[in-house]
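Here's a walk through one protein model, written for someone who likes to poke at coordinates. Keep the viewer open as you read.

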Amino acid sequence: MTPRDDSESSGPRRSRWSDLERPPLNAAAVRRALVREGSLWREVDVVQRTGSTNSDLVARAAEGELQEGVVLVAEEQTAARGRLDRQWVAPARSGLFFSVLLRPGDGVPMERWGWLPLLTGVAVATGLARAGGVDTALKWPNDVLVTVGGEERKAGGILAEAAGDGGVVVGVGVNVSLRADELPVPTAGSLALAGAVSTDRDPLLRAVLRGLEDWYGRWRAAGGDAGACGLQEAYAAGCATLGRVVRAELPGGRSLVGEAVAVDGDGRLILATEAGVQEPVGAGDIVHLRAA
C-alpha cells in the first residue's frame, strides 16, 4: 500500500504552517526533480507522521515485490531508530527523515553490501555541503558530524536493514533546524547550529538523493568494488575517525583501543593497537578519544 501524501493534503487541526521557520516539504516538486526516465528513484512518498520510515519500508518489502528506488520521507517520526535500537527524537519538520529501498542484486556480492551505509554517508555529507554550505565529516560507520562552537557534534545517522528477498532499506536522519534548546543530548548538533548557509530542506533532500543515486550507480557498476569506483578513497577523505585514537566497543562486551589507520575493501575500520598488530573492526561503537 502506498502511504498517503499528507504533506499535500489536509492535516490535523494544528496548521502545518504554524512554525513558519519549518515549512513542509514540497512533495510534488521533489518528485518532479527526482522521479524521471532512467532514474534510480521510482517513487517518492512524503507522509506527515509515522513511527519509523525504515520499519514502514521493511514491512512493505516483506508484503510483496517492491521495486528498487522507493523513497519514503516523513515530516515527523515518533519511533525512529538508530543502531542498536537507539531512539532518535526530533521536532516535526526539523530535519530530513527518510528511507530508501535498494536491491544490489546478483552483480554485487553480499559481502560487499556492508558498504551501503558508508556509501550513503558520503552522499549525505557531500549533499549537505553542496546545498547547505556546511562542513561535514563522517564518523565510522554511520554518523554525520558537524562542528558547533568548536566542538564535534553528531547531526545525523544512517541505518541499513535487510528487507525481504535481496533488498536493503537504508534510513537517514539529519537534524537541520534544531535549536540549542531542542537538542536531545549535549553531544547532538544541527546544520543550523553549525552555521549552514541554507536550511531549506527541499534542496537538501534533492542533493542528498542525487548524490546517493550517483554513488550507488558507480558502486554497483564496479560490482561493489569500493576501491575501483572511488568510493573507498572518497569515504577516507571525509572520515573524521581516521588518524584518531579510538575505542571500539565490540559485540560481546569486548573493547579495543588503537589508532584508526584505514578503512579496508570490505568497509571495515582497521585499528593499529599498542601490541603492534592491525585489527579489523566490522561492527561496534566507536568512541573518538584523541588525535593520533
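How many residues lie between strand 12 and strand 13 in their hairpin? The answer is five, and Gly-276 in the turn has a positive phi of about 85 degrees. Before going further, note that this is a predicted model.

**The overall picture**

The protein has five helices and 14 strands. Of its 292 residues, 50% are buried. If you count contacts with a separation of 6 or more, 65% of them are between residues 24 or more positions apart.

**Two hairpins that share a strand**

Back to that hairpin. Strand 12 runs antiparallel to strand 13 (residues 278-281), and four bridges join the two. One bridge to look up is the one from Leu-271, whose partner in strand 13 is Glu-279.

Strand 12 (residues 269-272) also pairs with strand 11 (residues 255-263), again antiparallel and again through four bridges. Here Glu-259 has Ala-272 of strand 12 as its bridge partner. Strand 11 and strand 12 make a hairpin too, with five residues between the strands, and Gly-267 takes a positive phi near 85 degrees there.

Strand 11 also contains a residue that can be placed relative to a helix. Ala-236 sits in helix 5 (residues 231-238), and its C-alpha atom is 6.9 Å from that of Val-263, though the two are 27 residues apart along the chain. Ala-236 counts as partly exposed because its relative accessibility is 33%.

**Glu-68, a buried charged side chain**

Now turn to the loop between helix 2 (53-63) and strand 2 (70-74), which is where you'll find Glu-68. Is Glu-68 buried or exposed? It has a relative accessible area of 14%, so it is buried.

What does the side chain of Glu-68 have for polar company? It makes a polar contact of 2.8 Å with the side chain of Arg-220. A polar atom of the Glu-68 side chain also lies 2.6 Å from the backbone nitrogen of Arg-103. Leaving out residues up to four places away in sequence, Glu-68 touches a group that includes Leu-40, Arg-42, Leu-101, Pro-104 and Tyr-216.

**Thr-53 in helix 2**

Thr-53 belongs to helix 2. Thr-53 is buried, because its relative accessibility is just 2%. Its side chain and that of Ser-99 are joined by a polar contact of 2.7 Å. Beyond Ser-99, and not counting residues up to four places away in sequence, Thr-53 touches residues including Leu-72, Val-73, Ala-74, Phe-97 and Phe-98. Gln-77 is among the residues it touches as well. For a distance to check in the viewer, try Thr-53 to Glu-76: they are 23 residues apart in sequence, and 9.7 Å apart in space from C-alpha to C-alpha.

Here are the polar distances from these two sites, side by side.

| Pair | Distance |
|---|---|
| Glu-68 side chain and Arg-103 backbone nitrogen | 2.6 Å |
| Glu-68 side chain and Arg-220 side chain | 2.8 Å |
| Thr-53 side chain and Ser-99 side chain | 2.7 Å |

**Backbone oddities**

Which residue other than glycine has a positive phi near 60 degrees? That's Arg-93, found in the loop between strand 4 (87-88) and strand 5 (95-102). Arg-93 is buried too, because its relative accessible area is 5%.

For omega, go to Trp-140 and Pro-141: a cis peptide bond joins them, with omega about 0 degrees. Pro-141 lies in the loop between strand 6 (137-139) and strand 7 (143-148).

**The second largest pocket**

Pro-141 turns up again in the second largest pocket, which has a volume of about 320 Å³. The pocket is lined by 17 residues, and those closest to its centre are Gly-114, Pro-117, Leu-118, Pro-141 and Gly-282.

Which elements supply at least two residues each to that lining? They are helix 3 (115-132) and strand 8 (151-163). Strand 8 gives the largest share, three residues. By chemical class, the lining splits into eight nonpolar, five polar and four charged residues.

Technical notes
Residues numbered from 1 in each chain as written. Predicted model: local features only at pLDDT ≥ 70, side-chain atom pairs only at ≥ 80, totals over all residues. Heavy atoms only, no water. 1 Å grid on protein atoms, 1.4 Å probe; cavity = no way out; pocket = protein on both sides within 12 Å on 5 of 7 lines; lining within 4 Å. Points joined across faces, edges and corners; volume = space filled by probe spheres on them. Nonpolar A, V, L, I, M, F, W, Y, C, P; charged D, E, K, R; others polar. Buried < 20%, exposed > 50% of the residue type's maximum accessible area, 1.4 Å probe, protein only. Polar contact = N/O pair within 3.5 Å; in protein donor to acceptor, adjacent residues only side chain to side chain. Contact = heavy atoms within 4.5 Å. Pairing = 2+ DSSP bridges.
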